[in-house]
Amino acid sequence: MKKFLLVVLIVCFYNLSSSQEDFPIDNTIGTNEVSKIDKVFPTIIVYNLPTTSVLRMGEMKLYLAHRMGTLGTGVEGSFGLYQANSRFGADFGILKNITIGIGTTSQQKLYDGCLKYQFTKQSNKIPFESAVYMSVNFSNNKLTVPNEQQFLWQRVAYYNQIMFSRQINNMAIQLFFSHVHKNMVLTKKDKNDIFAIGTIFNIKLNQKLYFATEYIYLPKNFVISTDVQTHLISTGIQLKTGPRHVFQIFLSNSVGILPHTVVTETTTSFVPKNIRISFNIPTTFNLF
């Protein structure tokens, strides 16, 4: 009996000492150490728009993005399967807080290059993460304007975005401000400079599954000649299929993939017949 009680006491003491390791211990109290969050978002892009996250120095990420046609095409159009817009791109982490990227998109035969600079990382000293994103895009298609002679600079557009994000438990929130500049627009009433605002929500459901939604609000009177939407929505899931692979599948009312086309050229509202099934397949490698 005494031996049994001794064994029980030893087991109870072991379980108690082991369970104490499950409680987080803040070692930064009373010190000047900075505890940073590694990544507020699991990917550098949520569906269509960049996040404040950047690649680590020496990492390369390959992106394959695909946007199907609208579900309203019905059975004859295989619910959008026969109409598609695709992009292939690559991003590189050249420094610990700088990521650059290049890519090409089938829609309008677009070519793009981008740069993202991360200003701050969320920590016990700084309550949010911040970054700026800049891209230049040009189309290989000729514009539908009556000019006989067209120059490359006329088909160039710029996209700029400043963003702030914060992780709260299993949820990440981002607020961003966007600016699009087009060297040439369709009519004199259209603005060359277009501004928009938006937000991104990302909720971690478990170790492999995330639910994310991005929303953009485009004020009226920037684009007059085209019936563009003021509310742009993409929502879906992100599935972590490996340590460096996050598959994204979502529903969107935008056929565009590059941010400047998503913001300024979305003409369908987010209703069932206009929704497009879309996905991104990012893969990350270590270059050095």
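This short talk describes the strands, one aromatic pair and the cavities of the structure shown above.

Good morning. Please keep in mind throughout that this is a predicted model.

I begin with the barrel. Twelve strands form a closed barrel, in the order S3-S4-S5-S6-S7-S8-S9-S10-S11-S12-S13-S14, and their pairing is antiparallel. From one strand to the next, the twist averages 20°. As general background, the strands of a sheet pair through backbone hydrogen bonds, and the pairing may be parallel or antiparallel.

Let us look at some of these pairings. Strand S3, residues 59-70, runs antiparallel to strand S4, residues 84-95, and 9 bridges join the two. Which residue of S4 is the bridge partner of Leu 64? That partner is Phe 88. Phe 88 also has a bridge partner in S5, namely Thr 104. S4 and strand S5, residues 98-105, share 8 bridges, again in the antiparallel sense, and a hairpin of 2 residues connects S4 to S5. Further along, strand S7, residues 129-139, pairs with strand S8, residues 156-168, over 10 antiparallel bridges. Within that pairing, Glu 129 has Ser 165 of S8 as its bridge partner.

I turn now to the aromatic rings. The whole structure contains 7 aromatic pairs. One of them is formed by Tyr 47 and Phe 250; their ring centres are 4.3 Å apart and their planes meet at 25°, so this pair is stacked, the cut-off for stacking being under 30 degrees. Why does this pair tie together parts that are 203 residues apart in sequence? Because Tyr 47 lies in the loop between strands S1 and S2, whereas Phe 250 belongs to strand S13. Tyr 47 is buried, at 2% relative accessibility, and Phe 250 is buried at 2% as well.

Finally, the cavities. The structure holds 2 cavities of 30 Å³ or more. The largest has a volume of about 230 Å³. Among its 20 lining residues, those closest to the centre are Ile 45, Asn 48, Arg 87, Tyr 133 and Pro 259. S2, S3, S4 and strand S6 each give two or more residues to this lining. By class, the lining has 12 nonpolar, 3 polar and 5 charged residues.

The second largest cavity encloses about 40 Å³. Its lining includes Asn 48, Glu 214, Leu 232 and Ser 252. Strands S11 and S12 each give two or more residues to it, and S12 gives the most, with 3 residues. Here the classes are 4 nonpolar, 5 polar and 1 charged.

Thank you for your attention.

Definitions and conventions: Residues numbered from 1 in each chain as written. Predicted model: local features only at pLDDT ≥ 70, side-chain atom pairs only at ≥ 80, totals over all residues. Heavy atoms only, no water. Pairing = 2+ DSSP bridges. Helix = DSSP H or I, 4+ residues; strand = E, 2+ residues; numbered from the N terminus. Axes fitted to C-alpha atoms, helices over the stretch in contact; angles between N-to-C directions. Phe/Tyr/Trp six-rings, centres within 6.5 Å; stacked < 30°, edge-to-face > 60°. Buried < 20%, exposed > 50% of the residue type's maximum accessible area, 1.4 Å probe, protein only. 1 Å grid on protein atoms, 1.4 Å probe; cavity = no way out; pocket = protein on both sides within 12 Å on 5 of 7 lines; lining within 4 Å. Points joined across faces, edges and corners; volume = space filled by probe spheres on them. Nonpolar A, V, L, I, M, F, W, Y, C, P; charged D, E, K, R; others polar.
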